[in-house]
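Subject: Structure for your review

Dear colleague,

Please find below the structure that I am handing over to you. An account of what was found in it follows.

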Amino acid sequence: MTIFRSHVLMCSGTGCVSSNADQILARFKEKIKEVGLEKEVQVIKTGCFGLCESGPNVLIYPEGSFYSHMSVDKVDEVVDEHLLKGRIVKKYLYKESIDKDLIKSVDEINFYKKQKRVALKNCGIIDPENINEYIAMNGYMALGKALTEMNPDEVIQLIKDSGLRGRGGGGFPTGVKWSFAARNKADQKYMICNADEGDPGAFMDRSVLEGDPHTVIEAMAIAGYAIGATKGFVYVRAEYPIAVNRLEIAINQAKEKGLLGKNIFNSGFDFDLEIRLGAGAFVCGEETSLIASIEGHRGMSRCKPPFPANQGLWTRPTIINNVETLANITQIVLNGSKWFRSFGTENSPGTKVFALGGKINNTGLVEIPMGTTLREVIYDIGGGCPNGKEFKAVQTGGPSGGCITKENIDIPIDFDTLTSIGSMMGSGGMIVMDEDNCMVDIARFFLDFTVDESCGKCTPCRDGTKKMHEILDNITSGKGINGDIEKLLDLAYTIKDSALCGLGQTAPNPVISTIRYFRDEYEAHINEKRCPAGVCKPLLSYYITDNCIGCTKCARNCPVNCISGEVKKKHVIDTNACIKCGSCITDCPVNAIIKR
Amino acid sequence: MEKIIIIINGKEAQVDKNFTILQAAKSLGIEVPTICNDNRLVPHGACRMCVVEVKNARALLTACTTPVAEGMEINTHSERVINSRKTTLELMIANHPLDCLTCSKAGNCKLQDYCFEYDVTGEKFSGFDKDDLPIDDSNDFYTFDPNKCILCGKCVKVCDELQCTSAIGFSGRGFSTHVSHPFEAGMDYSTCVSCGNCVSVCPVGALMPKEKTKFREWEVKKTQTTCSYCGVGCQIELKVKNNKVVGVDPAMGPSNDGLLCVKGKFGYKFINHPDRLKIPLIKKDGVFNEATWDEAYDLIASKINEIKKEHGSDSIAGLSSARATNEDNYLMQKMMRAVIGTNNIDHCARL
């Protein structure tokens, strides 16, 4: 085996690949060959590092130098300086890597310092397309241990003891779920991995599949052994082509090595795995819809009971686990339930991956122990809101969750605390909003999503969310009337109480929570026809203040010529003709134009 | 059958262990409203009218899909339940034309009945942003008006689960969901066999038979009878107005269980057709002339006797009809064998 003195890790997650990671990787390989270092330096394509905001990212070990915003033209200099001459190219390093004159390694950067990687353990470290790298990181050891040293009941008991709860949203104890299917007798049982990640802004499942597909395969085989399923499906959305491709490669490699198929590890246990592509319907993340979709039917939810653990795919007992849940399994089997419980809180042990997005400096994926406070996530890891703006709220749980305001920012995050303050864990999306976000508009945005994604089966969700959306549309366009808030709440609680599936029952949450915490904003829209955050265009008017120096720049650039005034004298906007495009605000050199 | 105890609307009751809440309530004489439920179909749980309050359940549960359990405490008409049903109806009616004055379904419409029962006027959410969709009248026997459809799913499920034709399904998502057929090319271009079972189960005026005579549901007298088209013995209800059959509904007979085929459902127009033969005709010199029944029978008997005498019994054959009853068919073969003396008897349904 060749020992390399240096490793260049190229992030090849979807974010970096869309910013030319493949070309950068190719140039690294070429250039390293040109300078004759190919026997000393290894270039590896890895999964996502998490800090997507600064991509394309490159990590060079052993120094742990974190190069951000890389491009093809920077590669030669990095190879010449860093790899050939041993001088780290400071100017290309991630901005927080340099503290005064000290160069920090990647582990010392704030973004990574507070993280604890369990589900993302191998992401950004191994080559996801090479099974040997996975095996080198103790891959398939957990499967070996389960099949040769444990019986199915012991596996289930271990997962129960670990307290692992489903990471897809519901937070149901995984071990308990497995035991339901295990005790059912059937000619065939199925194990399904739910990789139909649909929450806007959440991409942890994609990242695991792209960066560490074998961990999902291994965990599915362990789960299959525990519940008595010999057949598994990974239901993954077709919009994740890189994930699908790497998963296909991984399944083939596992089959070649006998880690999938007949008589795995000579234990007599058979497990076969297939991929099913979803067409991107949000509702297919709901387990009964997902099952319908695999069966070839329209993705529509059905009433439970019967629960899938009793009657699932083709009416056989079926367990459906989310990708991130499965990504914890191998670690629990290898390290034990006590180890897993050493992170997180009593009722929510372990870690959780969150996708930070919206008005936050460090957009990306973070994995933190449960019980970390929102403040730590948003300020210490996320770096706070950009441009010094004030934090207003954070939406957790995507369109099914709710917003959390400043007053609750010090609450430790876990399944139960989030629910108690009117939000939910969901799959771990965290969309940060600052003072410039209108909460009515945010509620409308999320409802827009659920209206589109409702399967159309039950009346409250299909017609009720549409009606709520219409009311919100009216409010944000200045047509709100007295009683709209009450009508919204009436509809919201009926939908919550009577919709068929989880999607419908949680769809009104963003409206309920924004009314709960920002009722004054709703009232300002309805009663004063004013959008306090200055977002809802129909409610805004642009004015020029006395600060105007009469430079005429705004008047010259206005696309509808609604600004008039003489040179060096205060200008005026004809608010009736104004289309509120905002170009005057951008153009004004003295910030004399305001919207209110 | 094993019984369990449930507490329903504050009263203890014994019900079958395998019942759903809806079945249990019905067995106890408690009416729970439902639009999408049909005992013959797998419960759909879509309309949300049958929601009930079950103690310790997070949300309301649909009575049609939830099995009863020992000690379950159910409230079928609590304030929370009534409010939910009212809002559901308000949503349905807000997205449904209020043309009950001219709609032929009036009087036989579940939406109308429940809106009446729950005092729902359609004003609460009026002004719904809805599309005006074209009516599909491509099928010869029925029309489909998607504007009136409340998406209860009964038509789709009857076609799929009972008729097993699967000609229709759902298309679109969310508010755009609609009942549809392959490639949206018109119902006539689907695999539809025009059995009309979808029309029979439609709770509103979305699927309506093409009828020549206008009638109101309360104007017709219903008479149950056996369909005369074949020997299955489907039970039908003839709707009669002014002594004229104006429509047919399937009845719950043992052999048809509320289903019909295209002939039974739509093929009743011959009854009052002017071309229908009501008296026997005898051909003389190449022209049909009206005759009495006695003249006709006498002619048949004399001809048969003549042929039998001249050419023997086996020169005569009888062909019986599947449209006749079993008893008539039995008598026919008896007559051929015992009276005429031949085994030459056959039947159009003998395959």
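Chain B contains 8 helices and 16 strands. Please bear in mind throughout that this is a predicted model. For the 351 residues of chain B the globule rule gives 20 Å, yet its radius of gyration is 27 Å, well over that value, so chain B is more spread out than a compact globule. Taken along its principal axes, the C-alpha trace of chain B spans about 90 × 50 × 40 Å.

Chain A has 22 helices and 20 strands. Its radius of gyration of 26 Å is close to the 25 Å that the globule rule gives for 596 residues, so chain A is as compact as a globular protein of that length. The box filled by the C-alpha atoms of chain A measures roughly 90 × 65 × 40 Å along the principal axes.

Contact between the chains

Where the two chains meet, 27 residues of chain A are in contact with 29 residues of chain B. On the side of chain B that touches chain A, at least two residues come from each of α2 (79-94) and β7 (169-171) of chain B. The element that gives the most to this side is α2(B), with 6 residues. By class, the residues on the side of chain B that touches chain A comprise 14 nonpolar, 12 polar and 3 charged.

A hairpin in chain B

In chain B, strand β1 (residues 3-8) pairs with strand β2 (residues 11-16) in the antiparallel sense, over 6 bridges. Within this pairing, B:I6 has B:A13 in β2(B) as its bridge partner. The hairpin of β1(B) and β2(B) has 2 residues between the strands, and B:N9 takes a positive phi near 50° there.

Two sheets in chain A

The first sheet to describe is open and has 4 strands, in the order β2-β1-β3-β4 of chain A, with mixed pairing. Its edges are formed by β2 (41-46) and β4 (65-67) of chain A, each of which pairs on one side only. On average, and with direction ignored, neighbouring strands of this sheet are turned by 20° against each other. Strand β1 (residues 6-11) of chain A runs parallel to β2(A), and 6 bridges join the two. Across this pairing, A:M10 stands opposite A:K45 in β2(A).

A further open sheet of chain A has 5 strands in the order β13-β12-β16-β14-β15, again with mixed pairing. At its edges stand β13 (364-369) and β15 (402-405) of chain A; each has a single partner strand, so one side of each is left without a neighbour in the sheet. From one strand to the next, the twist averages 30°. Inside this sheet, strand β14 (residues 391-396) of chain A and strand β16 (residues 429-434) of chain A run antiparallel and are joined by 5 bridges. One of the residue pairs concerned is A:A393 with its bridge partner A:M433 in β16(A).

Helix packing in chain A

Two helix pairs deserve a description. Two packed helices are described by the angle between their axes and the distance between the axes.

In the first pair, helix α7 (residues 152-162) and helix α13 (residues 323-341) of chain A have axes that come within 8 Å and cross at roughly 30°. Angles under 35 degrees count as roughly parallel, and α7(A) and α13(A) are therefore roughly parallel to each other. The crossing in which α7(A) passes α13(A) is left-handed. On the α7(A) side, A:L158, A:I159, A:D161 and A:S162 meet A:I332, A:V333, A:S337, A:F340 and A:R341 of α13(A). This contact of α7(A) with α13(A) is made up of 5 nonpolar, 2 polar and 2 charged residues.

In the second pair, the axes of helix α8 (residues 174-183) and helix α10 (residues 213-227) of chain A also come within 8 Å, and cross at roughly 50°. The helices α8(A) and α10(A) are therefore oblique to each other. Their contact brings A:W178, A:A181 and A:A182 in α8(A) together with A:A223, A:A226 and A:I227 in α10(A). Which classes of residue does the contact of α8(A) with α10(A) have? There are 6 nonpolar residues in it, with no polar and no charged ones.

Yours sincerely

How values were computed: Residues numbered from 1 in each chain as written. Chains lettered and ligands numbered in written order. Predicted model: local features only at pLDDT ≥ 70, side-chain atom pairs only at ≥ 80, totals over all residues. Contact = placed C-beta atoms within 7 Å. Nonpolar A, V, L, I, M, F, W, Y, C, P; charged D, E, K, R; others polar. Pairing = 2+ DSSP bridges. Axes fitted to C-alpha atoms, helices over the stretch in contact; angles between N-to-C directions. Parallel < 35°, antiparallel > 145°, perpendicular 65-115°, else oblique. Left-handed = near helix turned anticlockwise from the far one by under 90°. Rg over C-alpha atoms; globule rule 2.2 N^0.38 Å.
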